[in-house]
Amino acid sequence: MFIFNSVVGKLWMTIIGLVAVVLISLGLFLFQYIDRSIPNVRNQEDNLLKLATKIASEAPAHHNDNPYFEALTELLETQDAGMKLLDRGAVHLEDPLFVAGDKVITVSEVISDKELASVFAGETIRERFSVSMNPWHGGYVYVAMPLYAEGETEPYNAMIVFQSMQSIEDTQIYVKRLFALVSLMGFLLTTFFAFFLITRITRPLTSLKKAADSITHGQYDKRVPLVSNDEIGELTQTFNLMADRLQGTIKDLNHEKQNLASVLHSMEDAVISFDPEGNIIFINPHGEKMLEDWNGLDWEETEEEEASGLYKGQIPDPLRQLFEGVVKETKGISSRLHVKNGVYSVVMAPLYSEDQVRGVVAVIRDVTEETRLEKLRTDFVANVSHELRTPISMLQGYSEALVDDIVTSPEDRKELAQVIHDESLRMGRLVKDLLDLARMENGHMDLNLREVNITELIRRAQRKFIVLSKEQGIRLETDLHCDDLVLHRADEDRLEQVLTNLLDNAIRHTSAGSSINICCDQVEYLKAPAVRIQVADEGEGIPPDEIPYIFERFYKADKARTRGAAGGTGLGLAIVKNIVDAHRGAISATSTIGQGTTFSILLPLEAEPN
């Protein structure tokens with residue numbers, strides 16, 4: 001039952017049980033005492049027999065003394081008793097014996113003919129009889145005895161002495177009922193006050209339970225009011241102190257959790273944690289983006305089945321081998337992964353719970369750009385070394401020839417000196433271009449800003465290369481759709497350097513009989529008027545997969561080509577791009593193998609250069 005599931009019910013039922021046991025035990029002893037101490041029916045029968053015997057012994061002396069018997073009758077009536085004399089020769093069984101309430105009790109209702117005959121024969125009869133249907137009425141006890149005249153052996157009369165047992169029964173029942181009533185009242189009062197007291201005692205415990213339930217549901221500010229200074233009050237104070245400290249601890253934990261979440265969300269690296277089965281239990285936004293990028297890659301058919309389900313809550317396939325190694329070795333692992341065209345630095349470490357590995361955390365960084373820059377740096381060093389090695393070797397060889405007098409004729413000496421001079425100029429141009437490029441990339445380009453007539457600038461560049469193009473059998477043409485296009489703020493010398501580098505490139509990669517065309521027109525760029533300059537040649541062209549790299553330093557689209565003494569430095573297009581970017585413009589290239597290459601430059605008319 002529900003009542004036995006609560007402290008109030010258990011204490012209440014315990015007290016009720018104890019009180020009930022005490023009252024029942026006391027009642028049993030009291031009832032036994034009443035039955036033994038208060039005269040019972042048996043005693044009353046004995047006393048009535050003694051009285052009847054006494055009257056019968058004195059009857060011979062008062063034979064025919066009616067006043068004597070009337071006095072006895074009146075005396076017996078005071079004791080709720082009575083007496084009836086029956087003449088032997090004139091007995092009528094229907095004669096009244098006594099009146100009980102509204103009912104007249106006759107002799108026949110008390111004693112039968114046979115019993116009466118026995119009495120006249122000298123016997124004494126002691127019996128009980130009842131005149132009421134009420135079970136609570138005690139009934140009557142009577143004694144029937146013969147009366148003898150003095151000196152006679154035959155009874156002349158019979159005497160019936162009777163007495164009501166109601167007084168004795170009433171006394172016993174009254175005492176028992178009184179005890180029962182007092183016991184019931186005591187039981188009810190004990191039950192009520194016990195329930196009241198227990199409820200008052202357990203009310204703070206109920207408040208503690210409700211407060212504990214609230215705390216389990218996250219309401220850490222819940223407190224219990226102090227209502228007493230006893231042990232329960234001390235328990236309440238301890239509970240409130242515990243709740244305060246718990247609230248402070250939870251607040252600190254939430255603060256640390258928020259700080260950690262902010263750090264993880266703001267990290268540029270991807271952070272992913274896995275459980276021991278490889279399921280993802282935490283991932284920051286950069287990790288989600290990285291997995292989305294991985295999931296969007298065009299995997300090979302052999303990997304398609306695995307890749308299709310690896311990024312929906314499970315460890316990605318590229319990380320699986322590292323994950324298994326960390327779980328097996330229970331130590332951190334650092335590695336680099338190549339996923340398609342990307343390079344990722346991965347650091348994995350186990351997460352411990354006591355002595356067990358409860359998961360793995362992975363920090364993944366996209367180092368594709370760093371790897372590319374490192375490769376560019378390595379290539380740059382290699383290219384600079386390559387570019388310098390040839391002129392230095394020539395300078396060293398020819399100078400040694402002059403020093404050792406290997407060449408004796410003045411003409412040969414002059415030729416060697418000219419080669420040394422040309423190579424030193426080439427080295428100077430290389431160093432100058434490197435310095436210029438370094439300043440440009442660091443934002444330290446010095447621009448002499450003024451109005452520049454683009455049409456006139458293109459014509460001047462054409463005149464500069466017209467002789468060289470004719471010598472190589474190349475047609476150099478211009479197609480100017482607008483005359484007098486003016487850039488309001490530009491560096492004319494730098495823009496001329498752009499055209500010079502592009503035309504020099506075009507002439508070196510265009511064969512005889514072909515043409516180079518310079519176009520200029522006005523277009524819209526970034527929702528503003530701009531000038532578009534195009535340098536198109538009919539050379540061998542650039543492979544499409546190499547076009548994104550042609551503006552990098554020392555990049556060679558033709559890997560087999562080597563520069564001669566008067567060749568370029570390999571930095572021309574990189575310098576061109578930086579100059580165009582400094583003017584807030586854009587440069588791009590399109591090419592078709594065997595048909596030629598077109599470089600397009602967009603320069604805003606009104607833009608403020610960088």
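Begin this tour of a predicted model at R584, which counts as partly exposed because its relative accessibility is 45%, between the 20% limit for buried and the 50% limit for exposed. The residue lies in the loop between helix 14 and strand 17 (586-592). Display its backbone: phi of R584 is near 60°, a positive value in a residue other than glycine. Most residues other than glycine have a negative phi.

Select L526 next, in the loop between strand 15 (515-524) and strand 16. Here too phi is positive, near 55°, and the residue is not glycine. L526 has a relative accessibility of 67% and therefore counts as exposed.

**Helix 13 and the largest cavity**

Move to helix 13, residues 492-508, and select E492, which lies in this helix. Is E492 buried or exposed? Its relative accessible area is 14%, so E492 is buried. To see what surrounds the side chain, add N448, R450, V452, L457 and R460; E492 touches each of these, leaving aside residues up to four places away in sequence.

Keep L457 selected, as this residue also belongs to the lining of the largest cavity. Complete that lining by adding I454, L495, V498, L499, I533, V580, I601 and L603. The space in this cavity is about 50 Å³, and the model has three cavities of 30 Å³ or more. Which helix gives the most to the lining? Helix 13 does, with three residues. Helix 12 (454-471), helix 13 and strand 18 each supply at least two of the lining residues. Colour the lining by class: nine residues are nonpolar, and none is polar or charged.

**Two aromatic pairs**

How many aromatic pairs does a search of the whole structure find? The search finds two. For one of them, select F274 and F323: the ring centres are 5.8 Å apart and the planes stand at 70°, so this pair is edge-to-face. The pair links distant parts of the chain, with F274 in strand 7 (residues 270-274) and F323 in helix 9 (residues 317-329), 49 residues apart. F274 counts as buried because its relative accessibility is 0%. F323, with a relative accessible area of 6%, is buried.

For the other pair, select F551 and F599, whose ring centres lie 6.3 Å apart with planes at 80°, so that this pair is also edge-to-face. Distant parts of the chain are linked here as well: F551 is in the loop between strand 16 (529-537) and helix 14 (572-582), and F599 is in strand 18 (residues 596-604), 48 residues apart. Both F551 and F599 are buried.

**The two sides of helix 7**

Finish at helix 7, residues 285-295, and select G287, M290, L291 and W294, which are buried. Why do these four residues fall on the same side of the helix? They cover an arc of only 95° around the axis of helix 7, which puts them on the same side. An α-helix has 3.6 residues a turn, so residues three or four places apart point the same way. Now turn the view to the other side of helix 7, where K289 and E292 are exposed.

Return to the buried residues and display what covers them. The cover includes strand 7, strand 8 (280-283), helix 9, strand 9 (333-339), strand 10 (342-353) and strand 11 (356-366). Strand 7 and helix 9 were met earlier, as the elements that hold F274 and F323.

How values were computed: Residues are numbered from 1 along each chain as its sequence is written. Side-chain values use heavy atoms; hydrogens and water are left out. Buried means under 20% relative accessible area, exposed over 50%, partly exposed in between (1.4 Å probe, protein chains only). Contact means heavy atoms within 4.5 Å. Rings of Phe, Tyr and Trp (its six-membered ring) pair if their centres lie within 6.5 Å; planes under 30 degrees apart count as stacked, over 60 as edge-to-face and the rest as tilted. On a 1 Å grid over the protein atoms alone, a cavity is a set of points where a 1.4 Å probe fits but cannot get out, and a pocket is an open set with protein on both sides within 12 Å along at least five of seven lines; lining residues have an atom within 4 Å of a point. Grid points are joined across faces, edges and corners, and a volume is the space filled by probe spheres set on the points. Ala, Val, Leu, Ile, Met, Phe, Trp, Tyr, Cys and Pro count as nonpolar, Asp, Glu, Lys and Arg as charged, and the others, Gly among them, as polar. The arc is that of the directions from the helix axis to the C-beta atoms.
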